[in-house]
Amino acid sequence: MKLLHIDSSVLGPHSVSRQVSAAIVDRLRKATPSLEIVYRDLAMTPLAHLSGPHLAAAQGAAPEADLQHDLAAGLAVLEEFLAADIVVLGAPMYNFTIPSQLKAWIDRILVAGKTFKYSERGAQGLAGNKRVVVAISRGGFYGAGTPAAVGEHLETYLRWVFGFIGVTNLEFISADGIQVGPEHREKALAGALQAATSLDAA
Ligand SMILES: Cc1cc2nc3c(=O)[nH]c(=O)nc-3n(C[C@H](O)[C@H](O)[C@H](O)COP(=O)(O)O)c2cc1C
């Protein structure tokens, strides 16, 4: 069984989502020692944003030499995602949504014919065979009924994206209010780390 572990925070060792995603992987690894784990750090090794030449190459145009390396990287992340049984994703909130590095990754995995297709019944997900566990960290609070709820475009966005490609086995562990103060940060982090230890085995 293969697990793909992805981080996208730019805050390195200070990152909350990185600590939580690591705890999730640790829990799943301990429960299933035979798990084959692949790690990808989207902040350390960012993918380029999609451009016109990327899309032209996808339509069959011969890519320029300097694009070839990035096209190969894009194909590699797609293959990695398709091969994974479990995906653990560290996803911090930056300006109300995912980091742009994570968006660049999503742009490489939402590929018609690979992870979804269009049919007479509309879009149909093709990646429903995966379990996805997302570690979210947010500076504030965005729960239902709060004034900021309408500004939440991180969890809502990821729910839509993974649902679009057919993933129904989708779990979120959240550390919220990280910027409220040091005490609250510790409490939120401890709660998320504790939740990670209670996840079902792989
Ligand atoms: C560039 C940047 C933008 C941020 N934007 C938001 C935001 O829009 N809303 C929010 O609640 N917190 C925001 N925060 C706070 C982070 O969500 C919070 O610090 C979280 O822990 C980040 O996850 P990380 O520690 O894994 O990077 C932002 C932080 C940074 C660095």
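This text walks through the ligand and the two largest pockets of a predicted model.

Start with the ligand. Around the ligand there are 17 residues, and those that come nearest are Ser 9, Ser 15, Ser 17, Met 93 and Ser 137. Sorted by class, this shell holds eight nonpolar residues, eight polar ones and one charged one.

Next, look at individual polar atoms. One of the nearest residues, Ser 137, has a polar side-chain atom 2.6 Å from an oxygen atom of the ligand. Phe 96 takes part through its backbone instead: an N or O atom there lies 2.8 Å from a ligand oxygen atom. With Gly 139 the ligand atom is a nitrogen, which is 3.1 Å from a polar backbone atom of that residue. On its own, the ligand has 630 Å² of accessible area, and the protein covers 80% of this.

Which pocket does the ligand take up? The ligand occupies the second largest pocket. The space in this pocket comes to about 280 Å³. It is lined by 19 residues, and Leu 11, Met 93, Tyr 94, Gly 139 and Gln 179 are the closest to its centre. Two of these names have already come up: Met 93 among the residues nearest the ligand, and Gly 139 in the contact with the ligand nitrogen atom. By class, the lining of the second largest pocket has eight nonpolar, nine polar and two charged residues.

Now turn to the largest pocket. It contains about 440 Å³ of space. Its lining is made up of 15 residues, with His 54, Ala 58, Leu 75, Arg 108 and Val 111 nearest the centre. Three elements give two or more residues to this lining: α2 (52-58), α3 (65-83) and α4 (100-109). In the lining of the largest pocket, 10 residues are nonpolar, two are polar and three are charged. For the second largest pocket, where the ligand sits, the corresponding counts were eight nonpolar, nine polar and two charged.

Note on methods. Residues are numbered from 1 along each chain as its sequence is written. This is a predicted model: local features need pLDDT of at least 70, side-chain atom pairs count only at pLDDT 80 or more; totals for chains, interfaces and linings use all residues. Side-chain values use heavy atoms; hydrogens and water are left out. A residue is near a molecule or strand if one of its heavy atoms lies within 4 Å of it. A polar contact is a pair of N or O atoms within 3.5 Å; within protein, one must be able to donate a hydrogen and the other to accept it, and residues adjacent in sequence count only if both atoms are side-chain atoms. Accessible areas come from the Shrake-Rupley method with a 1.4 Å probe; for residues, only the protein chains shown count as cover. On a 1 Å grid over the protein atoms alone, a cavity is a set of points where a 1.4 Å probe fits but cannot get out, and a pocket is an open set with protein on both sides within 12 Å along at least five of seven lines; lining residues have an atom within 4 Å of a point. A molecule sits in a cavity or pocket if more than half of its atoms lie within 2 Å of its grid points. Ala, Val, Leu, Ile, Met, Phe, Trp, Tyr, Cys and Pro count as nonpolar, Asp, Glu, Lys and Arg as charged, and the others, Gly among them, as polar. Grid points are joined across faces, edges and corners, and a volume is the space filled by probe spheres set on the points. Helices (H or I, at least four residues) and strands (E, at least two) are DSSP runs, numbered from the N terminus.
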